[in-house]
Amino acid sequence: MKNLLLASTIAALTTASAAIADITILAWPGGDPEKALREVVTLYNDTQGKEDGSKADVIYFSRQGFKEKMLTDAAAGSTEFDLMLTATYDIGRYAPFMLPIDDLIDDETYKVFPPNAIETQKFEGSVYGIPNDLSLHFLYYREDYIGQLLSDPAWIERYQEISEKHLGQRLSPKAPEEWNWDDYIATAFFFTRSINADSPTRYGTVLQLKNLLFNMMLWQATVASHGGDWQDGDGNITIDSDAFRRGLAIYKTIVDNKATPGDSSSYEYGEANSAFGSGQVAFMIQWNAAVPELNDPEQNPEVAGKFALTHQPAGPEGIKTHFHSLGLGLSAASENKDDARKFLRWLGTSVEANTMYAQLGGSPPVVDAIMSKVADKRPDLPMMGEHAGSYGFVMNGGTSEHALRLYEIIAENFTGYWAGELSEDEAISNVEEEMRKAFAG
Amino acid sequence: MIVQPKSMLRRVGNAMRWVVLILAVTILNLPVITTFLTSFKSTADINAFPPKWIFSPTLDHYREVLITGNTHYPSYIWNSVVIATVGTLLAIALTFPAAYAIARHRTGSTWLLPIVSNLRALPLIIFAIPFYFMYQSLGLLDTRIGLALIACVINIPLALLMLVGFIQDIPRDLDEAASLDGANVWQILRHVIWPASRPILFTVAVLSFIYSWNEFLFGLILSTKNAVPVTVGATFFVTSYGVKWGATAAAMILGILPPLLIGFFAYPYIGKSMLRGAIKG
Amino acid sequence: MSYHASKHKEGMLLLSGLCVFMAFMLGYPAVANIWYSLSNISFSDIHTSEFVGLVNFENQLFSPKMWKAMGFSLQFGLICAALEVVLALLLVFTLHPILSRRPWLTAFLMLPMMVSPALMGVMYRLMLNEFAGVVPLYFEMFGVYVNFLGPENIYTTVIVIEVLQWTPFALLILLAARQAVSPDIEEAANMDGAKPLQLIRFIFLPAMLPAIVIVAFIRFIDSFRVFDHIFVLTGGGPGSKTTSISIYIYKLFFNQNAIGEAVAVSLILLFMSLILFVMAAKLIFRSE
């Protein structure tokens, strides 16, 4: 036993410093994008990497605590990775630990990525990352149920009654492409069994109300489509506004009328997929990433092939969707900056790599020419490009160094309001105050 | 033959005890049992509504965790075995003499014991950055020995508190007699206190092992590739594109096995030595 | 050299290993943390920070959110520790005859502890889910419809999860304490015709008291700083309803990038727990 311990101790001490590759990439873990990125890295090592005389390797941390781990590593100047994850909403936080890569962006890059995609990886005028994956939100709805709602006279009648009773106005069913937020609420009520005993589903929709910053990104299209923003052009904080109150009210109405599952206050991405995948929910607003999973009959036999996608409901200011991109940027502490830059240059200019990445399940925000090549395999990709271009918004201040921390504060206060912990005024004034502090200094 | 009412009563009482035991084991382990079943369900069955009682079991999730999942799960288990074992043995080696000093000589009872015990009340996160810097300069980042040292720090308060409490209850006559026979303090520790404390030492060892086994935060922050412990490794299946429930369940079940084996090995021993100790004492 | 002085020297020698180790491991972190608590350190500029005096302490001491989290932890710790000790005692007295003959059965009762709370939290997300979860299904079989993770039940749920996982800890130690009670005493009392409840009340409980105090103390402290399963299940919400002091500190530290304030809260906590410990120590060191 003693020898064993000694041996393993020595082994532990010696293996620590063993290097296996020239550059190490720290990327966002999980799903098809992980598999796809591994393939892309293999492609690099087999082709351009040989020319560059460099070899790349990917590492993944656990999703749980990913940002914490990366923040600590980055802040302490870890040399464990050369390329690190960047995201539109936290470039500001990580910029101090990264180096800009503006000189890697030129016409060659724009043949692969349109300028507005590169824009999502910019902070204070400098580019920090090559975008890998675009993220935005779709309205996922059951074609069968919505189809019947639009055609079945009994359902139409019932829908009108419910909207009159609960929303005070007699609405008629509309196709999801034409919804405004009232239609969204009325349809949610119609498909909720406690309100409409004939509903084929238990709940109309499923909201993600856990105290988690990503859930606020999902919610804030309600605000943006009513013209709301974190701050106005002069830098005044504009949380205390009709747009924010309306956004809060849309969710509150659905929660209070139990048109979303009762435990939604603990829901995030996975739970919403479980609810929708069980066939007990008629529609939901969800990240684009859920499409392959929900369409896979092996995983979700109840709903695979039965749902369609569209944009989110419109507000007075039109249709909006939150969007951001994830990318890879250069760690300032890297000891192999030259090799790392070569890889980034290749990733930013290789049509082959990005086509492959898209085909394998990644969602690169590439130019139309590449999109159209993979459209038969990935019909959601052109749609994402179109939505990002037409409806995409970023909150004013949403890429600043404070963005993450403000999202956390918004999450804590607004989930508190929906759960009945805080009043609307308290929640709004708490967020206003914190935001004012953050942007003041 | 006349049935003794008293023995009848005893038999009913005994049967009741078994019922309580089975109920307690079932309820306390409900999460583990459910997880165990989940680990054998296909993803479609896991997502099924209403949840399924009967399903055709699959080993896919175990295959993913151990082979196809692009993780190195067996080595995470091994990392945790090394970390927890070293962390536990070291903690006992350090706290055993100290506990004796505190219990018998009262040395440090007013300063060391409070300070050390209080460490347990502190959220460990505040040590994350200092430990990171310290390990960075000592070259201990991403090493098992580094994490084992932290496991030891985490175990020390519990070990010290329990050992002090127990050693106090060992009759003083035992060491005084040995002392009169000319034994020095180390001999007393070795030949009197150590054998008498065996049950508590085993208990402390098992508990320390479990606590080290379950540690997450430092495992996350201080490891990257080589020293990733099993708790962190298991969350690799909690991805940014949803939780792979089946694989997470399988990873969790595999992660229970080593401490469970230790439990089965140690408990009979604890039980026996407790009885023996009690009879002697 | 006097007897006492030599005893003291011997004691110091016995403590030296532990002291050296703790000084080595915690010396630098302790000094660093005291500095952090008095400075404006943040992740964006971690190597250089400026002295700001007691601002961090002041901000946090007057923060209602901090006291709310502290209150949550205190209540959570007390409820969980009490439930765990009482349940464990009931189980110990009921099961002692069975377990002392078949000690290996104890391992089954220990099983819940062997899962990391972080992972357990993840699995509870599935188990308690209204759609895919089996626990709501078990309850529906008895005609009970419960939203375990809804705002109305979440507090109870996180307590039950903690109690289910850690009652075994109390059980293990109290079982050891029960088994350490000399059979002679038990027999003598039996001969005197004592009823089982009297035995427990007058023989076992007093004999086990130190163990009970230690267990309650350890479990209180551990539950007080609860983090993993709540953080995974609720993120401290909805709102800040389930934000324990550890979650509060964690969020200050990583999300709010207020490292100095996070450390300051921890030091406040350390100070308060010192007071608690002095009280507990008095119970543990019975007068001799």
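This report walks through chains A, B and C of the structure above.

## Before you start

This is a predicted model, where local features need pLDDT of at least 70, side-chain atom pairs count only at pLDDT 80 or more, and totals for chains, interfaces and linings use all residues. Residues are numbered from 1 along each chain as its sequence is written, while chains are lettered from A and ligands numbered from 1 in the order in which they are written.

## Chain A and its two domains

Let's begin with how chain A is split up. Its domain 1 covers 2–134 + 324–393, and its domain 2 covers 152–318 + 402–440; such bounds come from an automatic or database domain assignment. Taken over C-alpha atoms, the centres of these two domains of chain A are 31 Å apart.

The two domains also touch: 14 residues from domain 1 of chain A meet 9 residues from domain 2 of chain A. (Two residues are in contact if their C-beta atoms, placed from the backbone, lie within 7 Å.) On the domain 1 side, helices H2 (31–46), H5 (91–94) and H19 (380–391) of chain A each supply at least two residues. H19(A) gives the most to that side, with 5 residues. Helices here are DSSP runs of H or I with at least four residues, strands are runs of E with at least two, and both are numbered from the N terminus.

What sort of residues sit on that side of domain 1 of chain A? They divide into 5 nonpolar, 5 polar and 4 charged. For these classes, Ala, Val, Leu, Ile, Met, Phe, Trp, Tyr, Cys and Pro count as nonpolar, Asp, Glu, Lys and Arg as charged, and the others, Gly among them, as polar.

## Where chain A meets chain C

Now for a contact between chains: it takes 32 residues from chain A and 28 residues from chain C. Which helix gives the most to the side of chain A that touches chain C? That's H20(A), with 7 residues. By class, this side of chain A has 12 nonpolar, 11 polar and 9 charged residues.

## Chain C on its own

Chain C has 12 helices and 0 strands. Its C-alpha atoms fill a box of roughly 75 × 75 × 30 Å along the principal axes. Of its 288 residues, 51% count as buried, meaning that 20 or more other C-beta atoms lie within 10 Å of the residue's own, with C-beta atoms placed from the backbone (12 or fewer is exposed, in between is partly exposed).

## Helix pairs in chain B

Chain B is divided into domain 1 (5–38) and domain 2 (60–280), with 30 Å between their centres, taken over C-alpha atoms.

Take helices H8 (172–180) and H9 (185–196) of chain B: their axes come within 10 Å and cross at roughly 160 degrees. H8(B) and H9(B) are therefore roughly antiparallel to each other. (Axes are lines fitted to C-alpha atoms, for helices over the stretch in contact, and angles run from 0 to 180 degrees between N-to-C directions; under 35 degrees is roughly parallel, over 145 roughly antiparallel, 65 to 115 roughly perpendicular and the rest oblique.) Residues making the contact include Leu174(B) and Ala178(B) of H8(B), along with Ile188(B) and Val192(B) of H9(B). By class, the contact has 6 nonpolar, 2 polar and 1 charged residues.

Helices H4 (73–105) and H7 (144–169) of chain B pack at an angle of about 35 degrees, with their axes 6 Å apart. Their contact has 24 nonpolar, 6 polar and 1 charged residues.
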